[in-house]
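Please look through the sequence and the model below before reading on. The paragraphs that follow move from strand pairing to the packing of nonpolar side chains.

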Amino acid sequence: MNVRMRVLKGGLIAALMFFAMPVAVTVTSAMLTSPASAQTAASIVVEGNRRVEVETIRSYFKPGPGGRLDQARIDDGLKALIETGLFQDVKINQAGGRLVVTVIENPVIGRVAFEGNKKVKDDQLSAEIQSKPRGTLSRPMVQSDTLRIAEIYRRSGRYDVQVTPEVIEQPNNRVDLIFTVTEGAKTGVKSIEFIGNNAYSSYRLKDIIRTHESNLLSFLASGDLYDPDRVEADRDLIRRFYLKHGYADVQVVAALTEYDPERKGFLVTFKIEEGQQYRVGSVEFQSSIPTMDGNSMSSFSRVSVGSLYNAEALEKSVEEMTVEASRRGYAFATVRPRGDRNYDAHTVSIVFAMEEGARTYIERINIRGNTRTRDYVIRREFDISEGDAYNRALVDRAERRLKNLDFFKSVKIVTEPGSSSDRIILIVDLEEKSTGDFSVSGGYSTSDGPLAEVSISERNLLGRGLFAKASVQYGQYARGYSLSVVEPYLLDYRVALGLDLYQREQLANSYVSYTTKTLGFSPRLGFGLREDLALQVRYSIYRQQISLSSVLDNCNNNLGSSTYFPTPAFINAGNPNNTGYGLLGCYGDGEASLPVRVGLAGGTVWTSSIGYTLTYNTLDNTKNPTDGILVDFRQDFAGLGGDVKFIKSAFDAKYYTPLVADVVGLIHLQGGNLSGYGSNELRMLDHFQMGPNLVRGFAPNGIGPRDIGIYALNGYGGDSLGGTNYWGASAELQMPFWFLPKEVGIKGAVYADAGSLFGYKGPTSWSVTNEVNAPGCVPATKTTVGTCSGLQYDNSSLIRSSVGVGLIWASPFGPLRFDYSIPITKGQYDRVQQFKFGGGTSF
């Protein structure tokens, strides 16, 4: 309350007093007048009205029995006229046996203007206030508008705002209404403290809430601006966090805020009473419905004996059991969880009690506040409709789904009595927000170099709930564009249809000698099997082309010999007039690897495939996870038309767990297999290419089979050939820098990686292939041709490993990561890159 009173200081208080005084005087003067009683409505004489009809004014005086107006009814009519806001003054007198009502009408607003507002546009302010041009000037309404303007600024963190309304008289009873705004500086949160938190550090709890402390980079974000509603929401976030981790008795007693004039900001303090941590002692299922077996619902419980008490899992269990009961025909069944605490053993005995609920039906679902979003987009999030049995669990699920759409600032579903005792009306109150995004992104990585992206997206296209995005990327080595559209409810089923069109160009660089261009189209279907389990089915068709610099494709190795590497006679024959090449001949300036040249000779290649991805996700936070599992398994089957045939499978699993003192552990496992079938051989481009994405400390495409021919050793080739099998394992510890403010968003990491890529099965159409360890094969060097015929490559399945340290920064410019790694074991021909950096931003 003290904070609110400070806001309404200076010009704002003076303005409110100015506008309040005339109304008070008018009411007083009118009430002191003593009009004659026992008049009739027809005897009322109206004077002073210009726009308001006489009969309209008379209609506010309601006669009693016999059509007479006594003193009480005249007083009621007087109050009703004043409350209309149409009049500056109303007086009632008696003259000649008649009741005379003298009014002074409020002037008409000719213009509403704003002065001094730089941070909030006129259009936004005009949309929020009630006083409008060509409307009647109402002093109470002006007071309300003044408060509303101040509230808008308060929401953006400007608590020193002053708003002064001014009325400028114009001819013909018209006025101009001017709001003069002194915006003041932003008011930030200077400190956030927690009292009573023993189980979790203040550093950890600051990750949970949305309010942040001000820092040097606060101008790039808004989370540090004081917002009382956000602070109140943070109380609930803290409480739910504790309830999820076993603290069944937790209470966030208060969120105290105090303005510090010296620091010119707010001090926020959360007072917490944690209580004891509980585990689940037992789980029982009871049913008072004669034909329902309570134990038949056990498979829908997410609560298990011995696990930490988790209120969120309890809520989801109740929801799923309620839905299942409805499917079985028990439309009015309710599931009520009960927890009996054992304070000595610190356990909770949970009982799910299923019983017949009240037979109440939904009469109507009224939706309010959706000015842009179509009604059907909102109604399809409900598993119930008009005429169905009322079920609170299903209503709560619909409310959660609507919030997750991210179309609305606020969502609230309440009930009102219906036309009879067994009918209710659901009221869905919404406040919409902007759902479009335009971003210009920039980034840099050691593999792709600098990269920029311009994108525009809309989450609620045309108010129909469609997602659409178009983006263009342009970088030093990577370029392209993409178009995506998603219909989340295909044919009114909870199945998402996505359409993707993309074009990518990867230019030659220090890691690959060739340029690839890919143009593709992919429709996909997404199914939510469970809240933590999703399935995606897709079809992909794409066209790939390879291009090479002429200097890497200028040797002719088909002069009557199937031997890919040149003999001295071949070199001399190919270059009779150029002895500068010496022993290497035309290979002296480098040459691309055989598989690359095979791909170049093959021209454009089409790949047509079907595939699926199964995803299991229990992460507590998708951006900054500290607990949970994320598993992806995907398979693609190429050969549904097109030029290539293969089966590609990949597995990726991450497990996060909190350890001690805000330290998070991460275990990362991955693996893949590529198999060809039919008469077509595998292309090099279809092989897995690995580097720091498998074992940090190695360059992109730096691991696995590699061309080591004579031209490759001369500084231009050495292309990575890829492999058909890979595996990787990584262990990482992430920890904050406790000496830095939490809001800086920097934490460190230490890690160890291991993995391998092997099993090249590429082209052999121009020659035989030879691994370097083939019997009797002497590899070529920079000074000798060697005795190996065909492609020479390293296909060792040696385990590569490394250790390193990293710096992770959740910066206002976007997520950034720096890694420095030291390889422990590596192949003879692997390429090392100890430092790696990547990141980007949207602005």
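Which residue in S27 does Ile 629 stand opposite? In this predicted model, the residue of S27 that faces Ile 629 is Tyr 655. The pairing around them is antiparallel, with strand S26 (residues 628-638) joined by 11 bridges to strand S27 (residues 646-658). S27 is also joined to strand S28 (residues 664-676), again in an antiparallel arrangement, here through 13 bridges. Within this second pairing, Thr 657 has Gly 665 in S28 as its bridge partner. Five residues lie between the strands in the hairpin of S27 and S28, where Ala 661 adopts a positive phi near 45 degrees.

Elsewhere along the chain, the largest nonpolar core comprises 44 residues, and those with the most contacts inside it are Phe 194, Ile 238, Tyr 242, Phe 270, Tyr 309, Ile 350 and Phe 352. At least two residues of this core come from each of several elements, including strand S9 (188-195), helix H8 (228-244), strand S11 (265-273) and strand S14 (347-356). The largest share, however, is that of H9, which supplies six residues.

Tyr 242, one of the residues with the most contacts inside the core, can be followed further. When its neighbours within four places in sequence are left aside, Tyr 242 is in contact with Asn 197, Tyr 200, Leu 205, Tyr 247, Val 250, Ile 272 and Glu 274. A second core, separate from the one just described, has 20 residues, among them Leu 394, Ala 398, Leu 402 and Leu 430.

Definitions and conventions. Residues numbered from 1 in each chain as written. Predicted model: local features only at pLDDT ≥ 70, side-chain atom pairs only at ≥ 80, totals over all residues. Heavy atoms only, no water. Pairing = 2+ DSSP bridges. Helix = DSSP H or I, 4+ residues; strand = E, 2+ residues; numbered from the N terminus. Core = buried A, V, L, I, M, F, W, Y, C linked by side-chain atoms within 4.5 Å. Buried < 20%, exposed > 50% of the residue type's maximum accessible area, 1.4 Å probe, protein only. Contact = heavy atoms within 4.5 Å.
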